[in-house]
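Student: Could we go through this structure together, one question at a time? I would like short answers with the reasoning shown.

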Amino acid sequence: MSIIKFPNDFEFGTATAAYQIEGAWNEDGKGENIWDRFTHVPGHIQDKTNGDIACDFYHRYKEDIRLAKKLGIEVFRLSVNWARILPDGQGEVNLAGIEFYRNVLREIRENNMKVCLTIYHWDLPQKLQDKGGWANRDIVKWYTDYAEILFREYGNDVDYWITINEPYCIAFLGYWTGEHAPGLHDYSTALQAVHHLLLAHGAAVKKFRSCNLSSEIGITLNMGMACPENADDGKDVEAARRSVMAGNCLFGDPVYLGRYPEELFEFLDKKGVVLPEIREGDMELINQKVDFFGLNTYTAGTIKYDASQWPLETGSVGSGRERTEAGWEVWPEKFYELLSWIDNRYGHPAIIITENGAANNDWVDSQGKVVDSNRIEYLKRYLKEVSRAVDNGISVKGYYVWCFTDNFEWAYGEARRFGIVYVDYKSQKRIPKESAKWFSDVIKEKGFEIKE
């Protein structure tokens, strides 16, 4: 038996996102967003559900926030639905939307939790997508104007601002693989969207600094480590290297180093990909000083060379490890490796783990409990690696479980349950799972015991 301990100022939180929990998709002046449109097209969502109601957080936020307080959550992460603030994405402000989020933030603070607010978590107003969305460079101004409204309205009621959540998923799942909204299929367009997302991030940070707020700002990047299927095969080794460049360096390098990975761009150029249009001053704008590195991570990859997978020529293969219900391998050792990689490559930034967690096959048993032992084991193993990183001098400041309540999991609908609180979608009843009780104890003790 060993004791895992965290510093007293280490912050434990939970994460959520607007479209995944709010519902009220067409209430109180809210405009249509790309996920409202995408989920209503047959064939897009695995279980044929949508986020029209989801967890009904829009009407039940007080109940959820008070439950979070009861569990001892220290930071409550949520996002703003852009179309609830600006129904058309720009122009006239929806005052009902402004008031809704003001009430939510007030409720969080009155329940003695800190606020981590994501400005953009994938729900682009449809009116802006009609103009090209993230493929249109004009979106940098649209987004900055929107962010400025939030800075002005909510200011220091927010402790941690996140500009954009997972630009990788926004660009490549939305504009290349098409499995996420808006459902397009063009790699060059996806790469152009990457550049515009990062420009928007930089412009928002610059605007934030001009507001003289006392809160902190950063970006959340989803990253993972990759290893070659055959370490003795040079093509596999290079494929794994490309995978890290395309998944990690493509986003982290511009933000922290002020440059794109040249080796990756040269490779893509040879494959016929149209590289982003980079204008004078762009890289300086992206390379704004941020206060923290937001990290979302769940798994790692085993990569092989695959010439059929244009343009990167990388294929993912299983390594035989156990998997969560999301099909993602449980590989905590790679979590520590990733934290070390970020620390070394980007000059020891303060890191907040803004998402980590496991999908589990959860159900309510005959005693009315949700016993999610696999999730508890996952959290133990991953938190052990976080503690190891902290003990070795890596500046990890906080850890947020994805997610607080079960919610609408994008292309998978309600089929995947990541929450530490069970949601019966028909009755909207909330039941804290055994993992919620375990996590509550971890927060209280700033640690836990683990069997070796």
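**Salt bridges and core**

Tutor: Asp 145 is partly exposed, with a relative accessible area of 31%. Keep in mind that this is a predicted model.

Student: Which residue does Asp 145 meet in a salt bridge?
Tutor: The N to O distance in this pair is 2.7 Å. A salt bridge needs a side-chain nitrogen within 4 Å of a carboxyl oxygen, so the pair qualifies. Asp 145 and its partner both lie in helix 7 (residues 139-154), four residues apart, about one turn of the helix. The partner is Lys 141.

Student: Is Lys 141 buried or exposed?
Tutor: The relative accessible area of Lys 141 is 55%. The cut-off for exposed is over 50%, so Lys 141 is exposed.

Student: How many residues apart in sequence are the parts that Lys 446 and Glu 74 tie together?
Tutor: Lys 446 forms a salt bridge with Glu 74, with the closest N and O atoms 3.0 Å apart. Lys 446 lies in the loop between helix 15 (434-445) and strand 15 (447-450). Glu 74 lies in the loop between helix 3 (57-70) and strand 3 (75-79), so the pair ties together parts whose separation in sequence is 372 residues.

Student: Does Lys 446 count as buried or exposed?
Tutor: Its partner Glu 74 is partly exposed, at 23% relative accessible area. Lys 446 has 9% relative accessibility. Buried means under 20%, so Lys 446 counts as buried.

Student: Which residue meets Arg 323 in a salt bridge?
Tutor: Arg 323 counts as partly exposed, at 48% relative accessibility. Its partner counts as buried, at 5%. The N to O distance is 3.5 Å, and the partner is Glu 329.

Student: How many salt bridges does the structure hold?
Tutor: Some share partners: Asp 362, Asp 372, Arg 375, Asp 406, Arg 417 and Lys 433 are joined that way into one network. The total for the structure is 33.

Student: Which helix gives the most to the largest nonpolar core?
Tutor: In soluble globular proteins, nonpolar side chains tend to be buried together. Here the largest nonpolar core has 159 residues. The top contributor gives 13 residues and spans residues 187-210: helix 9.

Student: Which residues touch the most other members of that core?
Tutor: Take Tyr 143 as an example. Leaving out residues up to four places away in sequence, Tyr 143 touches Trp 82, Ile 119, Tyr 120, Trp 134, Thr 163, Ile 164, Ala 200, His 201 and Ala 204. The residues that touch the most other members are Trp 134, Tyr 143 and Trp 161.

How values were computed
Residues are numbered from 1 along each chain as its sequence is written. This is a predicted model: local features need pLDDT of at least 70, side-chain atom pairs count only at pLDDT 80 or more; totals for chains, interfaces and linings use all residues. Side-chain values use heavy atoms; hydrogens and water are left out. A nonpolar core is a set of buried Ala, Val, Leu, Ile, Met, Phe, Trp, Tyr and Cys residues joined through side-chain atoms within 4.5 Å. Buried means under 20% relative accessible area, exposed over 50%, partly exposed in between (1.4 Å probe, protein chains only). Helices (H or I, at least four residues) and strands (E, at least two) are DSSP runs, numbered from the N terminus. Contact means heavy atoms within 4.5 Å.
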